[in-house]
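Subject: A structure for you to explore

Hello,

Here is the structure I promised to hand over. Have a look around it, and then read on for what turned up.

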Amino acid sequence: MKNSFLILFVCLMCFFNACKPDFNLNAPYKDVPIVYGILNYQDSIHYVKIYKGFQPTQGSAYIDAQNPDSIYYYNDIYVVLQEFKDSLSTTPLRDIPLEITHDFPRDSGFFYYGKEKIIYVAKATLNKKMIYNIKITNKVNGKIIEGRTSLVGDFKIISSIPFELTKKNVSFTFTHALNAKDYELFFNFIYFEVDAKTQEVVKIGKIVKNLCPKIGNTGIKESYNGELYKEFPSTLYDDIAEQLKPNSNVIRYVGMPTSGGSCIEVQGWAAGESMIDFLRSNQPTSSFVQINNTYTNLTSSEGTVFGFISSRNQSIGSHLFEISPRSEDSLYFGSKTHHLGFRPWIEYKP
């Protein structure tokens, strides 16, 4: 879901094409767009990445990738997000133009990321009940790229309060998200550190536990009342002991300075079908020879197109929960974490 994943995808495409017997280094240039769009109706600003494939001219793809002219269309394309009432509609309710912007967060990498970096942006409120179509028109050659997606709806984390971490397994439930194909869930421990001398808060920390590290194998089940739930081994004390070391210069408290001792954070993301299918088709296999099927839900009026348009959404509601008194005792005095010096939030005196 990150920018690095797109770089991996493009490199894989280049690698597999290079393995074909009929690959010609001197072949004529072909316009191959690469589109990467993830919509979230909760957002007021929506970004879509659009690149073009290129053929190296300086002997190295890495060198050419640093040239913005190699990967950007600039104003040669017109991009619009079309809103439809349903999947069968052919007449859009409205068109939402996407404009070029150079102002967006981007990590450095093999591809160009200088001041001329480009992404296409629209400021608009999307309707979670509608269908959205990305339409990219090349002003030079007339090629049209299109792809439709529904929007992932809301879902809420539901938990038994407080969490009992001393049991063998921990579980929580959450509601279905409309149009979601799969979920990614995180179970985090929140703490903060206070300077032992000045009594000032010097750090708010988080022990992150990804409960769904592999796409399509999340272990999420459906409960008797139609809700979803995730059960997982209670290894939080081991995770804390592995990631933290004793520090006599600070005092550690559970939770956040203003959370009242609620120290367990549950986060969830739901993703649409096209996004999951794209990620599944490009995740590494277990064999030495990597076999990946190319997936896209985009269509081109002429030639090839890579990438996808899809949707995702974050769980709503309160995600901070308390742990049971027994769980707190194990954190303060248990063999795995007693040396880390945790104290109850109630002892914190700001």
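A residue is called buried when its relative accessible area is under 20%, and exposed when that value is over 50%. Keep in mind as you read that this is a predicted model.

With that cut-off in hand, start at strand β2, which spans residues 45-52. Six of the eight residues in β2 are buried, so by the under 20% rule the strand is mostly covered. Strand β2 has partners, too. Strand β1 (residues 33-39) is joined to β2 by five bridges, and the two run antiparallel. A hairpin of five residues makes the connection from β1 to β2. If you want one pair to click on, Pro33 has Lys52 in β2 as its bridge partner. Strand β5 also runs antiparallel to β2, with four bridges between them. There, Tyr47 stands opposite Val121 of β5.

While you are at β5, look at Lys123, which lies in this strand (residues 119-123). Is Lys123 buried or exposed? Its relative accessible area is 72%, so Lys123 counts as exposed. Setting aside residues up to four places away in sequence, Lys123 touches Ser44 and Ile45. You can also compare Lys123 with Glu99: they are 24 residues apart in sequence, and their C-alpha atoms are 9.4 Å apart in space.

Now for the whole chain. How many helices and strands does the protein chain have? There are six helices and 19 strands. The chain has 350 residues, and 45% of them count as buried. Among contacts with a separation of 6 or more, 69% are between residues 24 or more positions apart. The exposed surface comes to about 18900 Å², with carbon and sulfur atoms supplying 53% of it.

Next, the inside. The largest nonpolar core holds 34 residues, and the members that touch the most others are Phe163, Phe172, Phe187, Phe189, Ile264 and Phe342. Several elements each give at least two residues to this core, including β9 (169-174), β13 (228-233), α4 (236-243) and α6 (325-333). Strand β10 provides the largest share of the core, five residues. There is also a second, separate core of 31 residues, with Ile50, Ile136, Leu298 and Val305 among them.

Phe172 is a good residue to zoom in on. Beyond its neighbours within four places in sequence, Phe172 is in contact with a list of residues that includes Ile157, Phe163, Leu185, Phe187, Leu211, Tyr229 and Val266.

Strand β10 also contains Asp182. What is the nearest side chain of opposite charge to Asp182? That is Arg280, 4.1 Å away, and Asp182 is buried yet has no salt bridge. A salt bridge here needs the charged atoms to be within 4 Å. Apart from its neighbours within four places in sequence, Asp182 is in contact with Ile215, Gly216, Thr218, Trp269, Ala270, Ala271, Ile276 and Arg280.

Two of those contacts bring us to one last stop, helix α5 (residues 273-282). Eight of the ten residues in α5 are buried, so the helix is largely enclosed by the rest of the structure. The buried ones are Ser274, Met275, Ile276, Asp277, Phe278, Leu279, Ser281 and Asn282.

Enjoy exploring, and write back with any questions!

Best wishes

How values were computed: Residues numbered from 1 in each chain as written. Predicted model: local features only at pLDDT ≥ 70, side-chain atom pairs only at ≥ 80, totals over all residues. Heavy atoms only, no water. Core = buried A, V, L, I, M, F, W, Y, C linked by side-chain atoms within 4.5 Å. Buried < 20%, exposed > 50% of the residue type's maximum accessible area, 1.4 Å probe, protein only. Contact = heavy atoms within 4.5 Å. Areas by Shrake-Rupley, 256 points an atom, 1.4 Å probe, with all protein chains shown as cover. Pairing = 2+ DSSP bridges. Lys, Arg positive; Asp, Glu negative; His and termini not counted.
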